[in-house]
Protein chains: 2
Amino acid sequence: MSRLTLALDVMGGDFGPRITIPASILALEQDPTLEFLLFGDSQQITPLLQNIPTSIQQRLRICHCSREINNQQGLSYALRHSKGTSMRLAIEAVQQGDAKACVSAGNTAALMGLAKVLLPCLPGIDRPALLSLIPTVNKGCSVMLDLGANIECRAENLYQFALMGSIFAENTLNILYPRVALLNIGIEEIKGYKSIREATHLIEQNANLQYIGFIEGNLLLNGVADVIVSDGFNGNIALKTLEGAMMNLMSLLKERTLLSYPPLNKMVAWLAKRLFNRSYQQLAHFNPEQYNGASLVGLNAVVVKAHGSSTVNSFAYAIKDAALQARQAIPNKILMGLERN
Amino acid sequence: MSRLTLALDVMGGDFGPRITIPASILALEQDPTLEFLLFGDSQQITPLLQNIPTSIQQRLRICHCSREINNQQGLSYALRHSKGTSMRLAIEAVQQGDAKACVSAGNTAALMGLAKVLLPCLPGIDRPALLSLIPTVNKGCSVMLDLGANIECRAENLYQFALMGSIFAENTLNILYPRVALLNIGIEEIKGYKSIREATHLIEQNANLQYIGFIEGNLLLNGVADVIVSDGFNGNIALKTLEGAMMNLMSLLKERTLLSYPPLNKMVAWLAKRLFNRSYQQLAHFNPEQYNGASLVGLNAVVVKAHGSSTVNSFAYAIKDAALQARQAIPNKILMGLERN
């Protein structure tokens with residue numbers, strides 16, 4: 001497989017290079033076909049690259065910049081003062097064809113704003129959307145969008161999200177005819193906002209979409225729909241609520257893990273672990289670290305937003321996700337899908 | 001303690017009397033000061049009351065009616081044809097002072113619609129809201145509203161919800177100066193809808209409210225706020241998402257419970273259970289059955305909506321919740337709280 005170059009904003013996220021650089025090394029170890037352009041402060045980056053094998057070293061290039069966008073900056077300030085920042089340079093690398101995709105754990109609004117300014121929207125898409133995979137209890141995943149790019153949406157926007165989500169699910173989850181649902185507060189036709197009810201009609205009229213109706217929050221994890229469409233406000237509320245619930249319940253369980261038991265109990269603990277192992281394995285499928293990348297879809301290139309609180313593992317997942325989308329040429333497939341409609 | 005009479009719509013919910021009657025008996029067993037008016041079809045109710053002790057029998061009165069509102073009926077149809085239905089009669093019993101509170105697991109929209117028509121709003125409240133308790137990881141609870149009574153809200157509505165939620169938390173959770181937060185998709189001032197940002201100012205200006213800012217979905221279970229305020233659409237999405245996540249994760253764990261292990265493993269299973277017991281106890285705090293009752297606050301009487309899919313236990317919880325609110329005269333306390341502002 002030929003080499004794939006990604007542009008990484010290594011200054012983004014709560015911990016900057018201390019997380020993003022070890023994550024980059026991990027991602028390069030896991031995938032020998034990747035290479036990275038690392039945008040950020042070389043003084044902070046270089047010490048973190050000591051003692052790594054030459055085979056990894058050779059696939060990294062530091063693109064020094066002293067400026068960065070931080071999380072406290074409002075959108076308009078961030079955009080006005082974005083020149084020469086690690087985030088903007090990473091997106092520009094994609095714009096100029098030096099990289100196939102860009103990953104950042106930085107300021108979400110700024111990343112979306114800059115990406116929309118620098119990378120053209122696909123024809124037929126009025127507004128890009130943030131998309132993510134969510135795990136389901138039947139060990140699969142659903143695609144969910146919009147997760148915060150658009151606070152309020154018209155029916156046409158929701159319809160376009162349904163189209164993009166369906167094409168994304170088809171190509172990344174290998175689902176032939178993905179089931180599309182609209183997030184709502186009931187399943188009866190009369191429920192919810194006017195925009196949602198109107199979107200129903202638009203989606204139903206498109207024979208390429210398998211519309212299955214409204215979905216409520218309690219079924220998000222149940223794999224009843226492959227694509228879950230909502231406006232950015234509701235999608236964000238739902239996704240963060242899911243993440244919070246999973247993190248909290250899992251950490252309640254972990255609090256009492258085997259590690260915390262005195263040595264006398266070790267043998268029982270070992271046996272218990274074997275007994276409970278399948279529960280834990282099933283829970284592991286819900287580990288939010290694995291669903292870290294939210295993609296900005298609807299642009300002509302791959303832009304992945306990692307969590308601000310990314311860990312090394314989860315930032316590496318986001319990189320992997322961006323690489324997969326770039327390899328599968330998802331923006332191009334969305335474009336072809338839109339043209340088919 | 002003097003007797004407390006509640007009006008129960010026993011026809012509501014997915015299973016009608018088969019759930020609501022055993023739940024009523026359970027609630028009467030647990031609380032010897034309660035008595036119920038049971039509104040519904042006596043032909044369905046009577047057989048379910050066989051063989052119960054006289055002490056329970058004496059505290060039940062069947063108020064026969066042959067009509068009921070079902071879940072498929074749209075709001076306007078349900079309201080127009082509500083005369084003589086079990087739900088309407090139960091609310092009318094409260095209106096006429098025959099009962100102190102009403103509980104139904106029936107059609108939510110119809111229950112809210114009828115309650116708003118039959119029971120006066122408290123002065124100073126433009127729109128009642130659906131309120132519920134949600135469990136928190138620190139073994140407490142937060143109050144959350146609105147959960148679906150009002151799809152779209154102005155800043156003034158959100159402000160009134162904050163007031164009612166704060167008074168509710170003060171009185172039912174015994175919190176002196178409850179921390180109030182607005183549900184939003186970020187914590188920065190500029191985030192979210194205009195109505196949310198404007199509500200901030202209204203809430204901040206009231207010295208009786210302890211406003212702590214915006215809260216995101218991922219912290220709903222963390223006990224960082226005592227009162228979480230949102231419009232009915234987002235509140236409903238968040239609550240149902242929470243419920244779904246909890247139910248799913250708990251059933252994943254239960255799938256592999258001790259019951260499913262062959263006899264040879266029983267001893268180890270017993271030991272394992274002891275080891276894992278605290279995890280399970282902590283999870284039990286999140287059992288959605290315990291948080292079944294959503295209360296319609298802002299009216300001059302107690303109206304509790306139980307889940308359509310209520311079990312015997314959870315419908316009994318909803319009854320208990322209604323009794324508690326009636327005993328504490330929550331509507332009156334909200335009224336006094338509003339007058340203080």
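This report describes salt bridges, one helix, one pocket and the cysteines of a predicted model.

**Salt bridges**

Over all chains, the count of salt bridges comes to 16. Three of the pairs are set out below.

| Pair | N to O distance | Relative accessible area |
|---|---|---|
| A:Glu216 and B:Lys240 | 2.2 Å | 18% for A:Glu216, 15% for B:Lys240 |
| B:Arg88 and B:Glu92 | 2.8 Å | 16% for B:Arg88, 16% for B:Glu92 |
| B:Arg154 and B:Asp126 | 3.9 Å | 44% for B:Arg154, 48% for B:Asp126 |

The side chains of A:Glu216 and B:Lys240 form a salt bridge. A:Glu216 sits in the loop between strand S8 (210-215) and strand S9 (227-229) of chain A, while B:Lys240 belongs to helix H9 (residues 232-255) of chain B, so this pair joins two chains. A:Glu216 counts as buried, and B:Lys240 is buried as well.

The salt bridge of B:Arg154 with B:Asp126 lies within chain B. B:Arg154 is in the loop between strand S6 (141-145) and helix H7 (155-172), and B:Asp126 is in the loop between H6 and strand S5 (129-135), so the pair ties together parts that are 28 residues apart in sequence. B:Arg154 is partly exposed, and B:Asp126 is partly exposed too.

In chain A, a network of salt bridges links A:Asp126, A:Arg154 and A:Glu156.

**Helix H5 of chain B**

The remaining pair of the table, B:Arg88 and B:Glu92, lies in helix H5 of chain B. The two residues are 4 residues apart, about one turn of the helix. B:Arg88 is buried, and B:Glu92 also counts as buried.

How much of this helix is buried? Of the 10 residues of helix H5 (residues 86-95), 8 are buried, so the helix is largely enclosed by the rest of the structure. Besides B:Arg88 and B:Glu92, the buried residues include B:Ser86, B:Met87, B:Ala90, B:Ile91, B:Ala93 and B:Val94. The cover over the buried residues of H5(B) includes strand S1 (4-9), strand S2 (34-40) and strand S4 (101-104) of chain B, along with helix H4 (75-80) and helix H6 (108-118) of that chain. Just after H5(B) comes B:Gly97, with a positive phi of about 85 degrees.

**The second largest pocket**

The volume of the second largest pocket is about 1300 Å³. Its lining is made of 41 residues, and those closest to the centre of the pocket are A:Thr108, A:Lys240, B:Ile185, B:Lys191 and B:Glu216. By class, the lining has 18 polar, 15 nonpolar and 8 charged residues.

Which elements of chain A supply at least two residues each to this lining? They are helix H6 (108-118), strand S5 (129-135) and helix H9 (232-255). H6(A) gives the most, with 5 residues.

**Cysteines**

A disulfide is a covalent bond between the sulfur atoms of two cysteines. A search of the whole structure finds 0 disulfides over all chains. A:Cys153 is in no disulfide, and the nearest cysteine sulfur, that of A:Cys121, is 13 Å away. A:Cys153 counts as buried, at 11% relative accessibility.

Why does B:Cys102 form no bond with B:Cys65? The sulfur of B:Cys65 is the closest cysteine sulfur to that of B:Cys102, but the distance of 12 Å is too far for a bond; a disulfide would need the two sulfur atoms within 2.5 Å. B:Cys102 is buried, with a relative accessible area of 1%.

Terms used
Residues are numbered from 1 along each chain as its sequence is written. Chains are lettered from A and ligands numbered from 1 in the order in which they are written. This is a predicted model: local features need pLDDT of at least 70, side-chain atom pairs count only at pLDDT 80 or more; totals for chains, interfaces and linings use all residues. Side-chain values use heavy atoms; hydrogens and water are left out. Buried means under 20% relative accessible area, exposed over 50%, partly exposed in between (1.4 Å probe, protein chains only). On a 1 Å grid over the protein atoms alone, a cavity is a set of points where a 1.4 Å probe fits but cannot get out, and a pocket is an open set with protein on both sides within 12 Å along at least five of seven lines; lining residues have an atom within 4 Å of a point. Grid points are joined across faces, edges and corners, and a volume is the space filled by probe spheres set on the points. Ala, Val, Leu, Ile, Met, Phe, Trp, Tyr, Cys and Pro count as nonpolar, Asp, Glu, Lys and Arg as charged, and the others, Gly among them, as polar. Contact means heavy atoms within 4.5 Å. A salt bridge is a side-chain nitrogen of Lys or Arg within 4 Å of a carboxyl oxygen of Asp or Glu.
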